[in-house]
Amino acid sequence: MNTSGIIRKIDDLGRIVLPKELRKYLNINTGDDFQISLEDEKIILEKYSYIKSNQNEIIKIISSFIKITNVNFRLIVNNRIVTTGEKIESKIIDIINDRKIFIDEDIKNYELISCNYENGKLIIYPIVLNSDLYGAIVVVHNHDTKTVLEYLKIIYDIIKNKYI
């Protein structure tokens with residue numbers, strides 16, 4: 001996205017309106033938290049993520065589950081796979097934004113980056129607390145779906161209780 005040439009005035013309360021296209025591109029929604037910092041002569045606005053600020057600990061937990069269960073869990077925050085930084089496809093983003101657990105028995109319906117499966121099942125487990133969407137855990141697997149859902153519930157509860 002080309003961001004040059006965007007000029008906005010500050011109102012009497014010190015507010016600046018972010019253009020709709022920019023908000024859509026960066027997945028910025030009403031009520032999102034922002035971290036404001038100063039770098040040299042620049043004001044840096046960064047979408048704040050409780051999960052991202054604790055991502056190293058959460059990745060350790062997820063990595064432990066991967067080793068124990070041999071199921072490939074991926075943490076998604078701000079529409080990217082946290083461990084690789086890869087952006088996920090818009091179809092997956094739309095599913096996550098629905099804020100419902102999603103199961104599809106055929107992975108071939110999706111283009112997933114870092115997916116080693118030619119066939120398998122997909123589960124998308126959104127991380128939602130008090131109606132706020134923090135991210136999701138995405139799983140591509142060839143295991144029993146009920147068992148994988150139980151693993152996801154445990155991971156979700158750990159993240160929710162310890163990091164959000």
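The protein holds 5 helices and 7 strands, as seen in a predicted model. Along the sequence these elements follow the pattern α-β-β-α-α-β-β-α-β-β-β-α. This briefing covers the protein as a whole, then helix 4, the strands that pair with one another, and the residue Asn79.

**Overall dimensions and surface**

- Taken along the principal axes, the C-alpha atoms of the protein fill a box of roughly 55 × 35 × 30 Å.
- The protein has 164 residues, of which 31% count as buried.
- The exposed area of the protein is about 11000 Å², and carbon and sulfur atoms supply 48% of that area.
- The protein carries 23 positive and 23 negative charges, and the mean positions of these two sets are 1 Å apart.
- When contacts between residues at least 6 apart in sequence are considered, 46% of them join residues at least 24 apart.

**Helix 4 and its cover**

- Helix 4 spans residues 90-97, and its buried residues are Ile92, Ile93, Ile95 and Ile96.
- These residues lie on the same side of helix 4, because they cover an arc of only 160° around the axis.
- In general, an α-helix has 3.6 residues a turn, so residues three or four places apart point the same way.
- The cover over the buried residues of helix 4 includes strand 3 (72-77), strand 5 (102-104), strand 6 (121-129) and strand 7 (132-141).
- Arg99, just after helix 4, adopts a positive phi of about 65°.

**Strands 5, 6 and 7**

- Strand 5 is paired with strand 6 in the antiparallel sense, over 3 bridges.
- Within this part of the structure, Asp104 has Leu122 of strand 6 as its bridge partner.
- Strand 6 is also paired with strand 7, again in the antiparallel sense, through 9 bridges.
- Val128 has Leu133 of strand 7 as its bridge partner.
- Strands 6 and 7 form a hairpin with 2 residues between them, and Asn130 in the turn has a positive phi of about 50°.

**Strand 3 and its partners**

- Strand 3 is mostly covered, with 5 of its 6 residues buried.
- Strand 3 and strand 7 run antiparallel and are joined by 5 bridges.
- The bridge partner of Phe73 is Val139 in strand 7.
- Strand 3 pairs as well with strand 4 (residues 80-81), in the antiparallel sense and over 2 bridges.
- Val77 stands opposite Arg80, a residue of strand 4.
- The hairpin of strand 3 and strand 4 has 2 residues between the strands, and Asn78 there takes a positive phi near 50°.

**Asn79 in the loop**

- Asn79 is located in the loop between strand 3 and strand 4.
- With a relative accessible area of 9%, Asn79 falls under the 20% cut-off and therefore counts as buried.
- Apart from its neighbours within four places in sequence, Asn79 is in contact with Asn27, Glu86, Lys87, Ile88 and Ile93.
- One of these contacts, Ile93, is itself among the buried residues of helix 4.

Key: Residues are numbered from 1 along each chain as its sequence is written. This is a predicted model: local features need pLDDT of at least 70, side-chain atom pairs count only at pLDDT 80 or more; totals for chains, interfaces and linings use all residues. Side-chain values use heavy atoms; hydrogens and water are left out. Buried means under 20% relative accessible area, exposed over 50%, partly exposed in between (1.4 Å probe, protein chains only). Helices (H or I, at least four residues) and strands (E, at least two) are DSSP runs, numbered from the N terminus. The arc is that of the directions from the helix axis to the C-beta atoms. Contact means heavy atoms within 4.5 Å. Two strands pair if DSSP finds at least two bridges between them. Accessible areas come from the Shrake-Rupley method with a 1.4 Å probe; for residues, only the protein chains shown count as cover. Lys and Arg count as positive and Asp and Glu as negative; His and the chain ends are not counted. The place of a charge is taken as NZ of Lys, CZ of Arg, CG of Asp or CD of Glu.
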